[in-house]
Amino acid sequence: MKAAVVTDLGKPLEIRDLPVPGPGPGQVLVRMEASGLCHTDIHAAHGDWPVRPKPPFIPGHEGVGPVTAVGAGVSSDLVGKRVAVPWLGSSCGTCRYCVSGWETLCESQVNSGYSVDGCYAEYAVADAGAVVQVPDGVSSFEAAPLTCAGVTTYKAVKVAKVVPAERVAVFGIGGLGHLAVQYARLVGGLVTAVDLEADKLELAGRLGADQLVNARTHDPVEEIKKAGGADVAVVLAAAPKAFEQAYRSLNRGGRLVMVGLPADNAAIDVPIFETVLFGISVIGSIVGTRQDLAEVFALHAAGRTRVIAEPRRLEQVNESFDEVLGGRAEARLVFDFQSSR
């Protein structure tokens, strides 16, 4: 099979011909039809975070395709079913987080494309208990971004407990942000979109954002305060400054939801007095559960969301990384294996 491999952190990926892996006990083999490019894949390939993956490895955690084989202990009924391979590659299933529906907090979790090989390949093995079936009404190409960008922003809006007519400021419009705008609107939020690029803001406007703020030319805190302040701020950008601006844009009782992960374990100052006095909550939100992803797929199948994505070939992986880092991708890039077969 063809695969894009990180051979050394910070170096360009190599396209290699590798043996097709076989599914082990409790695993399935998935033939990739589409695999989304998440910024996390770039962080993984560059070794940006405190816990670094060990090369060589195959990135990717937005993979979608049919199951072609199953390992011992897995029902053969799964063969032929189309599934999504998410960031949460597996969890223990028995800890207090797993049994309470928060498997994304499991301390024994394994992550696709980070601690085990992922989906930048024509085939990938995955834990049978972690994959999520994709409804017939959702194409593989659109299901790929929903598998991480969708479920991550859906969960962020969910944990923020947005109620109708609350103002939700989304910092960072792109692969994640264009979906966050839609989920915030679905629950009745009035949406402010914040970004540095005019074309990203134009996209947010097309998707129904109520206020567009260009942080390159305007102070987003001032602009959001003019609109009445934010009740919720969801930060998807990878710049610490965006988190600081988001915090300062909040009303009393506001909720700051941290999603983006800047490099080098960055931090922001959270003033204790103001946080306590104004009843502000700071929430970390990490991807979403299998149930969250099933809900994301159901909403998309019902026509409630739009995925903005552009196809790329796996051989274009390094150029695609540069597109994302340079802010040139309108939203999500997806490696389309069907078009290259």
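This is a short tour of a predicted model, starting with its open sheet and moving out to the helices and one buried valine.

## The six-stranded sheet

Let's begin with the sheet. It is open, has six strands with parallel pairing, and follows the order β13-β12-β11-β14-β15-β16. At the edges stand β13 and β16 (281–284), each with a single partner strand, so one side of each has no neighbour in the sheet. Ignore direction, and neighbouring strands here are turned by 20° against each other on average.

## Strand β11, covered on both faces

Now zoom in on β11, residues 167–171. How many of the residues of β11 are buried? Five of its five are, so to speak, under cover. In a regular strand, side chains alternate between the two faces of the sheet. In β11, one side carries R167, A169 and F171, the other carries V168 and V170, and all of these are buried.

β11 has β12 and β14 as pairing partners in the sheet order. Towards β12, the two strands run parallel and are joined by five bridges. Two of the residue pairings are easy to look up: V168 has V191 as its bridge partner, and A169 has T192. Towards β14, the strands again run parallel, this time with four bridges. There, V170 stands opposite V234.

## Strand β12 and the step to β13

Next along is β12, which spans residues 190–195 and is mostly covered, with five of its six residues buried. Besides β11, β12 pairs with β13 (residues 211–214), in the parallel sense and over four bridges. If you want a spot to look at, try A193, whose bridge partner in β13 is L212.

How does the chain get from strand to strand? From β11 to β12 there is helix α4 (residues 177–186), and the three make a right-handed β-α-β unit. From β12 to β13 there is helix α5 (residues 198–206), and that trio is a right-handed β-α-β unit too. α5 lies across β12 and β13, and runs at about 175° to β13.

## Helices around the sheet

Helix α3 (residues 140–160) also packs on the sheet, where α3 touches β14, β15 and β16. The direction of α3 makes about 150° with that of β15.

Helix α7 covers residues 240–248, and its buried residues include A242, F243 and Y247, along with Q245 and A246. What covers the buried residues of α7? Both strands and helices take part: among them are β11, β14 (230–235) and β15 (250–258), plus α6 (220–226) and α8 (272–277).

## Two helix pairs

Two packed helices are described by the angle between their axes and the distance between the axes. Take α3 and α9 (residues 290–301): they pack at an angle of about 110°, with axes 9 Å apart. That angle makes α3 roughly perpendicular to α9. Their crossing is right-handed. On the α3 side, the contact is made by E142, A143, L146, T147, G150, V151, Y154, K155 and K158. On the α9 side, the residues are D292, L293, E295, V296, F297, L299 and H300.

The other pair is α1 (residues 39–46) and α10 (residues 317–325), packed at an angle of about 115° with axes 10 Å apart. These two are therefore roughly perpendicular to each other as well. α1 passes α10 in a left-handed crossing. Here H39, D41, I42, A45 and H46 of α1 meet F321, V324 and L325 of α10.

## A buried valine in β6

One last stop is V85, in strand β6 (residues 82–85). Is V85 buried or exposed? At 4% relative accessibility, V85 counts as buried, because the cut-off for buried is under 20%.

Which residues does V85 touch, leaving aside neighbours within four places in sequence? The contacts are V30, M32, H61, E62, G63, S112, C119, A126, V131 and T147. T147 may ring a bell, as T147 is one of the α3 residues in the contact with α9. For a sense of distance, the C-alpha atoms of V85 and I286 are separated by 16 Å, and the two residues are 201 residues apart along the chain.

Key: Residues numbered from 1 in each chain as written. Predicted model: local features only at pLDDT ≥ 70, side-chain atom pairs only at ≥ 80, totals over all residues. Heavy atoms only, no water. Buried < 20%, exposed > 50% of the residue type's maximum accessible area, 1.4 Å probe, protein only. Pairing = 2+ DSSP bridges. Right-handed = clockwise from strand over helix to strand, strands pointing away. Axes fitted to C-alpha atoms, helices over the stretch in contact; angles between N-to-C directions. Parallel < 35°, antiparallel > 145°, perpendicular 65-115°, else oblique. Left-handed = near helix turned anticlockwise from the far one by under 90°. Contact = heavy atoms within 4.5 Å.
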